[in-house]
Every structure is written in C-alpha cells, then in structure tokens.
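Visitor: Hi, I have a model open here and would like to talk it through. Could you walk me around?
Guide: Happy to, let's take a look.

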Amino acid sequence: MNFNILSLIIFLPALGAIIIACISNSRAKLIKYIAAIFTLIPLILGVIAFFNFDKSASMAGVMQFQEKASWIPLIGAYYHVGLDGISLPLFLLMDLLGFLVVLISWKIDLRPREYFAWLLLLETSILGVFASLDILLFFIFWEIEVIPMFFLISIWGAGRKEYSALKYVLYTLFGSAMMLAGILCLYFTTHSLDMVQIAQNGIGSYVMVVPTVLMFFLLLGGFAVKLPVFPFHTWLPDAHTDAPTAVSVVLAGALLKMGGYGMIRICVSIFPAVARQWAPLLLGLAVVNIIYGAAVTLKQTDIKRLIAYSSISHMGFVLLGIFSLTQVSMVGATMQMVSHGLITGLLFATAGIVMHNTHERDIAKLGGLARQIPMITVIFTIAGLGAMGVPGTSGFIAEFMTFLGSFGSSVAGARVFTIIAILGILMGAGYILWLLQRVFYGPPQDKFNGTQDADKLERVYSAIFIILIFTIGLDPSILTNIIKIGISPIVHLIGG
Amino acid sequence: MNLVLIAPEISLLATAILVIVLDLFIRRKGWLAVFSLAGLAISFGFTVYLWGVNPQTVFNNMLVVDKFALFFKLLFPVITALVILASTDYMSRIDSFQGEYYALVLLSTLGMTLISAATDLISIFVALELISISLYALVGFLKDPKSSEASLKYLLLGAIASAILLYGMAFVFGFTGKTQLGEISQVIQRIGVPGASSASGLMLGLVLLIVGFGFKIAAFPFQMWVPDVYEGAPTPITAYLSVASKAAGFAIILRLFYTAFSFPTWLSQDWGMVFAVLAAIGMTVGNIVAIPQTNIKRMLAYSSIAQAGYLILGIATMGFSPIVSRLGQSSLLFFLAGYAVTNLGAFIAVIALSNKAESDRISDYDGMGKRAPMIALALTLCLVSLTGIPPTAGFMAKFYIFSSAVQHGLLWLVIIAVLNSVVSAYYYLRVVKVMWFNEPKFEGKVSSSAALRIALLICCVGVVLLGVLPNYGIKLAEIAAKMFVF
C-alpha cells in the first residue's frame, strides 16, 4: 500500500461529520446518504487492507500500513499509526460496525444532522484508538469518544438518559485520569511515546523512578473501567440500556474492546513481569465478571438491560483469556472481542427492532412473538445461539480457545478459575434460552397482531452480521492466522 | 538609554492618553475602540521587532528586556484586544465613560507588561499598583449596586494584600539589604543560610510575599474575593481579570521566585512545597464549590480558582526542579497561553448569551443550542477545553504541565490534579447539557455584534490550534522560559 490508507480510513468519517454539520436539519435523507457513503468507503478500504495484510510468520511483531509523521518534536510525540495481528481485526470490526450502525439508525428523525455528525466522529475516534502506535495519540483518540457519546446518549436515548450519559462520562474520565497519570509516569521513565518500541526494548532496560506495579495499575485502571471489570462496571447497564439502539451497538461492539485492546497492547506487552505476578488477581476478577455478570443477567426484566449485563459476562471471558498469558488464550480473547462485537451488536440491533415495532421493552409484557414476527425471531435466535457459544458460530470458537488456553496456563490458580468460569457458559445458555422462550415462544398475544416484521434494510444488515458470525465460526483460521502473528511476539515477551 | 527597548510600553501609554483626549472631540465612540486596537497592534509590533534583541536591563536594573518579558508583551496585547472586541456589546451600558474605560484597560495592560519585565522589588510594586488601581475602577464600571459592591470588596481586599506584600518586601529588603532581584539572590548565597531557622526574616518575608501575590492569582486561601468580584464586574472585565490579571500575577511570581529565591536548594524546595500544597487545596476547593453554583459567572469564577491551582502546580514544579531544567516555567507559560484563549472564549460566549437571556443563571441558558448554535458550539468547545478533553488547548496544556510535574517528583500532586479534572467535568458538562438538551425558554435568535463574534472565532481557532498542533506554542514557551538573571 503506497498511499496512506490508514489515515484515510480513520479521518474520512470525521470529514463526513463536518460536511453533515453544514447541512440543514430538514434534509434528513441527504444527511443519511452522506453518512452512509462516508462510512462505506472506509469499510471498502478496510477490506482491501485486510486482504493486503501479510499473514506470513515473518511479519510477527511488525506493524503494517505504518505511517509516521513528526507531530510535537519537543516531547517526542509522533502521528504514528499502524496495524498488526491484534489491531487489524478490531479495526476492521469498528470499520464494519461504523457502516452498519448508519443503516441501523436509518429511522432516526430527531435532529438527524447532529446525530450522524456525532456518530461519525465517534467512529473516527475508535478507529484511531485501534490504529495508534504513539501513546499520546492513543490517549487523545481514547478521550475524543467521550463527548460524542455524551451527546448521543443524553439526547437520543431513553429512560434515565441524562443520568446514564453523565455517569458514563464521569466513569470514563475517572479511568482516563488514572491512565493519564500512568502514561505520564511511563513517559518520564522511558522518554519515549512509542508503544511498540518500549515493549520491544523491555521495561527493564530503563531506569525505574516509579515502581512498575504502580504504572501497571494506573494504566490498567483506565482499561478496567472500559472493559469493564468488576467493580467498575456499574456504568455499563445504564449506558447500554438508555442509549439509542445504534449507540448500544457501537458501545458493546467496539468501545468495550478498546479496554481489552489496551490491556494487551499496553499493560501486558510493556509490563510482562508485573502482569504475570498479578495475573491471579485479575483472573479472579474475570471469574467474578463471568459468574456475577451471568447471575445478575438472569434476573433482568428489560431486554436491553439483559443483553447489557450479558456483555459484562462475555467481557469476563476476554479478561480471563488475556491474563492467562498463553498464546492460545490470548488469541481466544481477541477472537472473543471480535465475535462478541458481532454477536452482541446483532443482539442489540434486533432488540432495538423488537422495541421499536412492539413499543415494549419489558420481557414480562412480551411473548409469543414468533408467530407474528418470524423473521426477527430467527435473527434473534441465531444471535442468541452465538451468545451461548453454540458450535458453528464464532462465539464457540472464541470461548473454546479461551478456555483451552487458560486451562493450560501456568498462572497460579488458572485451572481452578477456568473450571469455575465454565459455569458461566451454562448460565449463559440459561439466560439466552429463557429470554428467547419468554419473548418469542409461547402462546401468541393478540395485542401484537400486525406487528411489523423486519423490513428490507433490517434484513440486509442482519444478514451481514449472521454471515460473518457463521463464516468465522466455520473457518476461524481467516482470523486466527492474523491474530496469531500479533500475539506471538507478546507471548515471547511474557516468556510463556 | 535606548528608548526603543521600552517602545511597547511607551506606545501603550501614548495610546491610553490619546484615547482620553480623543474622547473629548469625537462623537462616534466606536472609533475609540478602533484606536485602542491600533495602539495595541503597534505595541505588539514593537515587541516582535524587539524579539531578536540581546537580553539586557534598563532603567538602572529596574526593568529587564528578555524573552520572558517579551513573551508576556506578546500575550497581553492579544488578550486586551480580544477583551476590547468583546466589550462592544457592553458599550450601551457605559455610554458616557467609554474613553475612560478604554484608557483604564490600556493602563492596566501597561502595568501588566511592566510587571512582567520588573526585576526590582520597587518596580514590581509600582507596576502591581498600576494594574490593581485600574482594575478597581473597571470592576465598578456598571454603577449598579452589585458592581459597586464588587469594586469595593476588590479595593479593600486588594489594598490589604498590597500592604502585606509590601511588608514582605520590607522583610526581604531588611534581610538582604537589596531590592534588585539578582542582587538579592547573590546576597542570600553570599551569606550562606544553612537552614530555615537561621533565616527567619527571609522566611517571614517569603510567606508574606506568597500571601500578597496569592491574592492576585486566586490561590487558596486568598481566593474569597474571586466569586463576588467576578459576578459583579461587567463580564468583559471579568474575562480580563480571570485571564490577564492572573497571567500577570504568575509572571511576576515566576520571575521573583526564580531569580531571587532559587538558591539554596532547600529554600526553593521549601516554597515549592508550600505552592504544591496550595495548589492541591486550591484545585479541590475550586472544583468542589463550583458544583452547586447556579450563576454561570460564579461557576466560571470557581473554575478559574481551580485552574489557578493547576498553574500553581507549575510553580511548585519550578521549586523542585534542578536549575538547568526549565520545564516548570515553560509548561506554565504554555498553560497560560492555552488558558487565556480558552477562558476568554468561554467568557465572550457568556457575554453574548447572557446579554440576550438578560440573566447569568445557568438555567436560563436552556436551549441556547437552538437559539444561537454557533455561540453555543463555541462555548461547548471552550468548556470541553477547560475540562481537559482532547483535542483542545486545555488538554495539551494539562498534559504538558502534568508531565513536567511528574518529571520533578510531584506524582502525588498530579494524581490529585487528574482526579480534580474528572470532578470538574461534572459542572462544565452540566452547562453543555442545558444548552443542547433542554428546550429554550424564550424563542428568538441571539444577536451579537460582529466584533464579539470575531473575538470568539479567534479564541476558538486558538483553542483548536494549540490542541492539535501545539508544537510552535511549546517551542515559544521553552524559549521564553529562559529568564535573564542579572
């Protein structure tokens, strides 16, 4: 790739946002088409990049599509972007979700100009996080997503939207504050802002002024709020439930993954010794995420809240995989991030359709919809199967790899934690099947007669989700081959 | 005596006098504003011309012309020009005294440029009084009860602070026998004070100096005047106070403490620690008390107390840094520049919105996003910058100042500061939410003069530019941080 494909992909949505901001609110159709174009082109470019990615083993640890420009020479900050095996799948996931959420938002009629402008700006910021190789640039992109999310949730959301939006912002900023302190300590120690360089040199080669444990936990704080890790998870149910459908899709699909990505790229790569030392604690927290998250999911009565809590549980698998510190488990964790993005994205999108068409979100009041809206039922069931980790879907591959890796891990107590965590799958089956049974199956209710089924657009984007879920589920090597070459240098650093 | 060296000051003085004289003759007072702006531009031009000059002292070592002073001579005319542009909407309320208004503002600016160049205790005091007295009058310009009360409070408290400052200067003079800053430092080193107990006169003088200047920069616990004075003053003057007067205070503290009291090391670490604690408490108090505020000017007043806390963090860094490192000073100068454009932008937007809503209450800002989208957007940008969210000047400034603090061993203070940034997000975003989310109370577009909108645009461009491409700003700050020590 000779031209700067990454920068083009990252900044085209922002350009689209600026153009949309200049159009009057009355021309909603034009706004939506522009938004679609400015997310479709990055998606096409992303797919081109995906197929041009060199998967050979010799590229392990090498950043591809790199662009580096001097930005603030006085502090050694560069505009440095690139992709490797870990970031390419996540980058492409956001690329795809960016386009799909524009389709999901097609029916928005309240202030479409601002809505799509913020949505596109959000996409730029998340793409930037996954592509950044300079720590300051990473942090800046990380923070930029806060303001669009604040507006998107508080204006177009439902329920206690202002409360949820503010809670989201304050939690995120708190995590970022910790991360900033960690970044400053790291910069002070290494006098460099190059993530990959610092990891390769090894933190031990620098003179320690601040204990590495402190830096590790400060940085982890930011990522832990994002993933989220118990006990910093309480923002998630509120934000997910009260956000508009498309925003929930982006939130669950990509924003949570920023946390997991940060943990792998910064915490584990740069501080492998500390990671190994404290891994048991984090595995314990992962198990709490999985089991406690699943337990609370079982008692939810609102569709979106149920799916939100299930995200906490699924992200527990990611945490388990990352801190088992083996090749297989970390590849599994990354697979889980991609797979969960697709599956939960589809779950939220379909839940949104159900809520929109039936005007009901309380599970107790729904029931027997399979007769009236069969297409939606099928889509939701497939998504549910993916969430349960049924073989054939990407969810199974991800969970299986994670558990395989964590069971064979040399981290103290990993085996016990894995066995407890597997209970989470059982509980997952519980809440998904129970949800399906209560909402869709059972005797049909008269008040839902004539409910509109999925229209053409909704069927199109649901099909895209489903095709991807099954493709990855049936031939996971298209992703695992890529992720492997990203993870192997990190595992090398950990020495495991 | 090479008069060209003080040409910026002379041009400011000449402009101020000419404005008063012209006021007698011309009928259309708008020309006075144009004339003041021209004078400021000339002063700015002279400063640019003097940029390449060798650092040297003038007036028998009373004033110095070095990059540090020239940096402020670039900054203050810009701030004053923006304030004058923003004042155009207020001219209807101060009809017959427009000449005096512009002259006082210009004289205050003159005082500020002088204080950034002052290297002698006497010239510091004279310049400080020039700034303060002009500001006392400006605060009370609206002649309504609130404004007059604010002015009186400012006058009384300011006079007490000046008296304490002078007392502190007397102690320092008594201890060292010198008033010139460089000579004070030499005497202290020559005497060789091994510890605080043997230099009680000096320590007492230092404490009183910190109190006196602390009043000016709204440091805790000398910040009680800020909310009332900011609320009562005409909003352009509030903006001017919060940005320029603070910057002047920081300029002189930087120069004074760096030049006179950097040696011996225990001394600089002593006052460094004092400033660090003041910073920590100031930030926390400012942020926490800002949360329940319902008046936007009071809220911004408390926010500026908190921002002063971050700036004082820079002074503390200077106290703990080895003499070769100028990181503390340069990060503080960059923060001042970023803070200036951000806070000015916020206040200018408040001028426009409050004028139309005819109230300063935050709840009356409901739905301003619909009534005045561009101005509301500008205010949002400035509030986001004050919180410290990228890609704005506020974030870059905080990053730079925090990184310098970490590098000089003040990690505990940086953690307090970042946590405070999170707390501040609450009240800044509350205004943003009210503007964009709530329905407007009254309909009708918000109008504002072209001058005000130009000023707002300049501020917003500054905020974004310093946030995305801070390189030139940082370089300028680093060059300026080198103070000429005689």
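Visitor: Among the elements of chain B, which helix has the lowest mean pLDDT and which the highest?
Guide: The lowest mean belongs to helix H14 (residues 368–371) of chain B, at 80, and the highest to helix H5 (residues 121–139) of chain B, at 94. Here pLDDT is the predictor's confidence in each residue, from 0 to 100, while helices (H or I, at least four residues) and strands (E, at least two) are DSSP runs numbered from the N terminus. This is a predicted model, so local features need pLDDT of at least 70 and side-chain atom pairs count only at pLDDT 80 or more, whereas totals for chains, interfaces and linings use all residues. Residues are numbered from 1 along each chain as its sequence is written, and chains are lettered from A and ligands numbered from 1 in the order in which they are written.

Visitor: What does chain B average in pLDDT? And what ipTM does the complex get?
Guide: Chain B averages 89, and 99% of its residues score at least 70. For the complex, the predictor gives an ipTM of 0.86 and a pTM of 0.90.

Visitor: Nice. How many helices and strands are in chain A, and how many in chain B?
Guide: Chain A comes to 20 helices and 2 strands. Chain B has 19 helices and 2 strands.

Visitor: What radius of gyration does chain A have?
Guide: Chain A has 21 Å, which agrees with the value near 23 Å for a compact globule of 496 residues. The radius is taken over C-alpha atoms, and the globule rule is 2.2 Å times the number of residues to the power 0.38. Chain B, with 486 residues, also has 21 Å, again in agreement with a value near 23 Å. Along the principal axes, the C-alpha atoms of chain A fill a box of roughly 70 × 55 × 40 Å.

Visitor: How much of chain A counts as buried?
Guide: In chain A, 61% of the 496 residues do, and in chain B 60% of the 486. A residue is buried if 20 or more other C-beta atoms lie within 10 Å of its own, exposed if 12 or fewer, and partly exposed in between, with C-beta atoms placed from the backbone.

Visitor: Switching to the interface: how many residues of chain A are in contact with chain B?
Guide: 26 residues of chain A are in contact with 26 residues of chain B; contact means that the C-beta atoms, placed from the backbone, lie within 7 Å. On the chain A side, helices H5 (135–144), H6 (146–156) and H7 (161–190) each supply at least two residues. H7(A) gives the most, with 13 residues.

Visitor: And how do the residues on that side of chain A divide, nonpolar, polar or charged?
Guide: There are 23 nonpolar, 1 polar and 2 charged. Ala, Val, Leu, Ile, Met, Phe, Trp, Tyr, Cys and Pro count as nonpolar, Asp, Glu, Lys and Arg as charged, and the others, Gly among them, as polar.

Visitor: At what angle do H12 and H13 of chain B pack?
Guide: Helix H12 (residues 296–320) and helix H13 (residues 327–357) of chain B pack at about 170°, with their axes 9 Å apart. Axes are lines fitted to C-alpha atoms, for helices over the stretch in contact, and angles run from 0 to 180 degrees between N-to-C directions. H12(B) and H13(B) are therefore roughly antiparallel (angles over 145 degrees count as such, under 35 as roughly parallel, 65 to 115 as roughly perpendicular and the rest as oblique). Residues making the contact include B:Leu300 and B:Tyr310 of H12(B) and B:Phe335 and B:Phe347 of H13(B). By class, this contact has 13 nonpolar, 8 polar and 1 charged residues.

Visitor: Where does a cis peptide bond sit in chain A?
Guide: A cis bond joins A:Leu227 and A:Pro228, with omega about -5°. A:Pro228 is in the loop between helix H9 (212–226) and helix H10 (235–242) of chain A. In chain B, a cis bond joins B:Phe220 and B:Pro221, with omega also about -5°.

Visitor: Which phi does A:Leu325 have?
Guide: A:Leu325 has a positive phi of about 60° although it is not a glycine. A:Leu325 is buried, with 26 other C-beta atoms within 10 Å.

Visitor: Is B:Asn61 buried or partly exposed?
Guide: B:Asn61 counts as partly exposed, with 17 C-beta neighbours inside 10 Å. Its phi is positive too, about 65°, and B:Asn61 lies in the loop between strand S1 (56–58) and strand S2 (63–65) of chain B.

Key:
Two residues are in contact if their C-beta atoms, placed from the backbone, lie within 7 Å.
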